[in-house]
Amino acid sequence: MWSLLQIELYKISKRPRTYISFIAIAGIVLIIQAAFKADPGYLNILMQNVGDTFEVDKSKVINGYFMCYMILNTLLIQVPILVALVAGDAISGEANMGTLRLLLTKPISRTKIIGIKFLASIIYTVGLLVFMALLALFLSMAIFGVDDLLVFRAKADESQILQITKDDIMWRYLAAFAYAAVALTVIAALALFLSVFAENSIGPIVATVCIVIICTIISNLNIPIIDKNIKPWLFTSYLVGWKGFFYIAIDEDNVPIRGSMENWPAIRNSLFILLAHIAVLFGASVWFFKRKDILT
Amino acid sequence: MKKLLTVLFITSTISANAQTEINALLNKAKAKIESVNDYEAAGVMKTNVAFLKVPIAKVKIYFAKPNKLKVKSEKGISFIPKGAVSINLNNLTGNNKFTVIDAGTDKINGAVVRVAKLLPQDESSDVVLSTVFIDEVRNLILKAKTTTRDNGTYELEMTYGKYEAFGLPDKIVFSFNAKDYKLPKGITFDFDDGAAPAPASKDPLKGKKGRAEIVFKSYVINKGVNQAIFTSQ
């Protein structure tokens, strides 16, 4: 089992496309950090007219925690595409290179083979997130320092600014990255599922990207009939659930409660829905892979 | 005719007396305030604005005559209301370039107070009108309302304790106009947790009025304040 996993990871590490994701993430993060360091003007869009009523030290607002939040907000919509690059290649890549038949002649069950490939995709996804955490969180903390985090949020028709004190933030990031790992594993499971049916890698990768883009667009439409009937069924509606860890609860005096979350049941339910997606997609992948015809 | 003249004479005498009285009362209250050349106060500030969910902040307040005031948060990001400079009553009554009008009496927490309206003589002044409510017994300003040309109306309510001899309050409730806050749609990609939105507030001032409550723990009075504080961020 361990040696099979090592082989899979070795194969992933030898593909140039594996590193496209790391380069893309590093490029985007560094560009955002450099842009904010040079010109923090974006903050004015978020602050709107708050500066008319309050004196706020904007240099404190743009700190490492805020930068990480901004970067995750931007990147976690694109990262599914990067995950698909590797997971979509898992089975179809073997078929394309003609090694799938050879692989399946070995005395290893098909369930084990696809399970190992899925596990390798998860490890790659977690590796990508760890890399993102190192750059977006820890490098930002080194460049911009640390302070309280301001979360700018539109909740229904209301806009809010939530302030989380700096000693109450790190656990939220750990939880958010763990949640993001589950969310991105759904994408890996989807890409793996599509990979089972293809003979080359481009098809499942492009199909996964298209599904993610279409579902993300629908998830962000604010049309009541879609909100009620379609959004709850789309996994993309739950990809941004990591933000729930930053929606701090407030008491009756409008003061944030340290260590709290506004709606933990909603985050927990989102996690269950994502885990159910993983189970269904991986289960379907196994089912179809076991019946896959490799003779014709 | 004689009777009419008598009535007019008595009325004008009473009015003049009342005017003298309110001037004297205001001067007594001012004398207390003006005995303070500078101070450094430590306290906690609770800001209450509909869109802003911020923790209670530990603040330091620095004042130096004639009208320098700085509110600084000890740690973290702070939202200091822009009109907070008026929490120092010296800024209100410090210059003598205003006309005092006796506006009768009113009640604050059951106690009768004298009301004086201060009209600035300088027509270009940002302050249009200030109304102060003075406790006649203790010679203290308990409440002040300031209407400005550009920044709306500020209201101060003071509670006094240990430092009332200096006219310095233990607690200030500062009300101010707060503009509504609206994020442009589609830039935050928020997580829809499915929770029903909060019911619309019946308060017509929701989103328009803000309150900051400062509770002072201690004052260091007339010991000098580093002037650099007033120019620092």
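This is a guided tour of a predicted model with chains A and B, given as a series of selections.

**Stop 1: helices H6 and H10 of chain A**

Select residues 64-75 of chain A, which are helix H6, together with residues 110-144, which are helix H10. Their axes come within 7 Å and cross at roughly 150 degrees. Angles over 145 degrees count as roughly antiparallel, so H6(A) is roughly antiparallel to H10(A). The crossing of the two helices is right-handed.

Now show side chains. On the H6(A) side of the contact are Gly64(A), Met67(A), Cys68(A), Ile71(A), Leu72(A) and Leu75(A). They meet Met132(A), Ala136(A), Leu137(A), Ser140(A), Met141(A) and Phe144(A) in H10(A). Colouring this contact by class gives 10 nonpolar residues, 2 polar ones and no charged ones.

**Stop 2: helices H7 and H11 of chain A**

Move to helix H7, residues 79-87 of chain A, and add helix H11, residues 170-196 of that chain. Here the axes lie 8 Å apart and the packing angle is about 40 degrees. That angle makes H7(A) oblique to H11(A). H7(A) passes H11(A) in a right-handed crossing.

To see the contact, pick Val79(A), Pro80(A), Val83(A), Ala84(A) and Ala87(A) from H7(A). Across from them, H11(A) supplies Leu184(A), Ile187(A), Ala188(A), Ala191(A) and Leu192(A). The contact of H7(A) with H11(A) comprises 10 nonpolar residues, with no polar and no charged ones.

**Stop 3: a loop residue in chain A**

Select Asn254(A), in the loop between helix H13 (224-229) and helix H14 (264-290) of chain A. Its phi is positive, about 75 degrees, although Asn254(A) is not a glycine. Is Asn254(A) buried or exposed? Neither label fits: Asn254(A) is partly exposed, because 16 other C-beta atoms lie within 10 Å.

**Stop 4: where chain A touches chain B**

Show both chains. In this interface, 44 residues of chain A are in contact with 33 residues of chain B. Elements of chain A that each supply at least two residues are helix H4 (50-53), strand S1 (54-55), helix H5 (58-61), strand S2 (149-155) and strand S3 (158-164). S3(A) gives the most to the side of chain A that touches chain B, with 6 residues. By class, this side of chain A divides into 17 nonpolar, 14 polar and 13 charged residues.

Keep S3(A) selected and add strand S2 of chain B, residues 52-53. The two strands pair in the parallel sense over 2 bridges. For one position in this pairing, select Leu162(A), which stands opposite Lys53(B) in S2(B).

**Stop 5: the sheet of chain B**

Hide chain A and display chain B as a cartoon. What is the order of the strands in its open sheet? The 10 strands run S4-S3-S1-S12-S11-S10-S9-S8-S7-S6, and the pairing is antiparallel. Strand S4 (68-73) and strand S6 (98-108) are the edge strands, each pairing on one side only. Neighbouring strands are turned by 20 degrees against each other on average, direction ignored.

Within the sheet, select strand S11 (residues 169-177) and strand S12 (residues 209-221) of chain B. These two pair in the antiparallel sense over 7 bridges. Phe176(B) has Gly210(B) in S12(B) as its bridge partner.

**Stop 6: the hairpin at S6 and S7 of chain B**

Go to the edge strand S6(B) and add strand S7, residues 111-120 of chain B. They run antiparallel, and 9 bridges join them. Lys107(B) stands opposite Val112(B) in S7(B). The hairpin has 2 residues between its strands, and Asn109(B) takes a positive phi near 50 degrees there.

Next select Ala111(B), in strand S7 of chain B. Ala111(B) counts as partly exposed because it has 13 C-beta neighbours inside 10 Å. Draw a C-alpha to C-alpha distance from Ala111(B) to Asp135(B): the two are 8.1 Å apart in space and 24 residues apart in sequence.

**Stop 7: a loop residue in chain B**

Finish at Asn139(B), in the loop between strand S8 (127-135) and strand S9 (140-148) of chain B. Asn139(B) has a positive phi of about 55 degrees although it is not a glycine. With 19 other C-beta atoms within 10 Å, Asn139(B) is partly exposed; the cut-off for a buried residue is 20 or more.

Terms used. Residues numbered from 1 in each chain as written. Chains lettered and ligands numbered in written order. Predicted model: local features only at pLDDT ≥ 70, side-chain atom pairs only at ≥ 80, totals over all residues. Axes fitted to C-alpha atoms, helices over the stretch in contact; angles between N-to-C directions. Helix = DSSP H or I, 4+ residues; strand = E, 2+ residues; numbered from the N terminus. Parallel < 35°, antiparallel > 145°, perpendicular 65-115°, else oblique. Left-handed = near helix turned anticlockwise from the far one by under 90°. Contact = placed C-beta atoms within 7 Å. Nonpolar A, V, L, I, M, F, W, Y, C, P; charged D, E, K, R; others polar. Buried ≥ 20, exposed ≤ 12 C-beta atoms within 10 Å, placed from the backbone. Pairing = 2+ DSSP bridges.
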